[in-house]
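Work through the exercises below with the sequence and the model open. Try each task before reading its solution.

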Amino acid sequence: MKFASWNVNSVRLRQNLIADWLERHDPDVLMMQEIKCETAAFPADFFKERGYASAVVGQKSYNGVATLVKADRTEIVTDHLPGFNNPAARYVEIRTQGLVFGNLYLPNGNSGGEEGYATKLAFFEALTARAEHYLREETDFIFAGDYNVCPAAGDCAPGALAPDDALVRPQTRAAFRRLIWLGLTDALRALHPTETLYTFWDYQAGAWQRNSGIRIDHALLSPRVAERLVSVFPDKDERAMERPSDHVPLLVTLRDKTEG
C-alpha cells in the first residue's frame, strides 16, 4: 500500500494540482495539512469523484487537516489530538486497512513568543502520550504530517534557518527524539540515513532555485509498520509546478501484510 503526507498550503487553491498528483501516484491514503478552509468548504465531492473519501477538520483561513482514503468508508477515530487543549484544527485520526493514521500539523512555534513556543511543545507532549497509548495496545499506527522540526543539522540547508528558530531549537529536537526513542521509525531516515533530502523550500529569496530547503514533513511508523517499509521519497518535482505549495508530498510504500 502507498500513503503520503503533503502540506498543500490551501486545498481549494491547489485542488487541481492535488488531483493530478493523485492520478499519477495513486496512493491509498493522502494526509494533507494547512488546507486553510472550514470543514464545510472542503471540496469533498471533488475528491469523491476521483475515488477518495475525506476526513476533514477545517478552520477558516488557517491550519486545517484532511485525510483522503481510497475506500468506500472511512472511520474517523478522533477529530482532535487527545490531551492537546487548543482549538486550532491540527489533527485528524482515521483507521483503514488495519492501520491508524494520525494526520498532524504541529505548531510552528515562532509566533506568539514563549507562549506560542510552549504550545508547540504541548502538542509534542500530547502526541507522545498518544503514541504510548497505541504502543501499549499493540496497535499499528502511522503519525505523519508537517512536524515543523528539522531533527538534525543535515535536515536544514546552511543558512536556511536562524540558529534560534523554533524548528531547530534544542527543545524541539529533543521532543522529536522522544517520539523516536519510544520505538518509532522515521521512515525517510530508515532508508536514506545520510542523503540530503528536503520537503520544504520557502517562496522567498530564491530558496527553491538555490536548493535552500529544510526537512520538516515526516512519517513516523510503529514497529510492525516499520517492518513493512519498502520505499520513501519526497516528490521534489511538485515544487517546480506552476503555483505550487512550498512543501512537497512525502510518499511512502509499505508491503502488504500478506507479503513475506
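**Exercise 1. Backbone outliers before helix α2**

Is Lys 36 buried, partly exposed or exposed? Then compare Lys 36 with Glu 34.

Solution. This is a predicted model, where local features need pLDDT of at least 70, side-chain atom pairs count only at pLDDT 80 or more, and totals for chains, interfaces and linings use all residues. Residues are numbered from 1 along each chain as its sequence is written, and side-chain values use heavy atoms, with hydrogens and water left out.

Step 1. Fix the classes: buried is under 20% relative accessible area, exposed is over 50%, and partly exposed lies in between (1.4 Å probe, protein chains only).
Step 2. Lys 36 has a relative accessible area of 27%, so Lys 36 is partly exposed.
Step 3. Glu 34 has 15% relative accessibility and therefore counts as buried.
Step 4. Locate them. Glu 34 sits in the loop between β2 and α2. Lys 36 is in the loop between β2 and α2 too. Helices (H or I, at least four residues) and strands (E, at least two) are DSSP runs, numbered from the N terminus.
Step 5. Check phi. Glu 34 has a positive phi near 55°, and Lys 36 a positive phi near 60°. Neither residue is glycine. Most residues other than glycine have a negative phi.

**Exercise 2. Cysteines**

How many disulfides does a search of the whole structure find? Explain the result for Cys 156.

Solution.
Step 1. A disulfide is a covalent bond between the sulfur atoms of two cysteines. The test here is a pair of cysteine sulfur atoms within 2.5 Å.
Step 2. The search of the whole structure returns zero.
Step 3. For Cys 156, the closest cysteine sulfur is in Cys 150, at 4.7 Å, which is too far for a bond.
Step 4. Add burial. Cys 156 is buried at 15% relative accessibility. Cys 37 is buried as well, with a relative accessible area of 1%.

**Exercise 3. Packing of helix α1**

Which residues of α1 are buried, and what covers them?

Solution.
Step 1. Helix α1 covers residues 15-25. Its buried residues are Gln 15, Leu 17, Ile 18, Ala 19, Trp 21, Leu 22 and His 25.
Step 2. Their cover includes the strands β1 (2-7), β2 (29-33), β4 (65-69), β13 (229-234) and β14 (250-254), along with helix α2 (44-48). Contact means heavy atoms within 4.5 Å.
Step 3. Just after α1, Asp 26 takes a positive phi of about 55°.

**Exercise 4. Tyr 117**

Where is Tyr 117, and which residues does it contact beyond its neighbours within four places in sequence?

Solution.
Step 1. Tyr 117 belongs to helix α3 (residues 113-137).
Step 2. Tyr 117 is buried, at 3% relative accessibility.
Step 3. Beyond those neighbours, Tyr 117 is in contact with Gly 109, Ser 111, Ala 166, Arg 169, Gln 171 and Thr 172.

**Exercise 5. The whole chain**

What radius of gyration does the chain have, and what would a compact globule have?

Solution.
Step 1. Take the radius over C-alpha atoms, and use the globule rule of 2.2 Å times the number of residues to the power 0.38.
Step 2. For 260 residues a compact globule would be near 18 Å; the chain has 17 Å, which agrees.
Step 3. The C-alpha trace spans about 45 × 45 × 40 Å along its principal axes.
Step 4. Of the 260 residues, 55% count as buried.
Step 5. The secondary structure comes to six helices and 14 strands.
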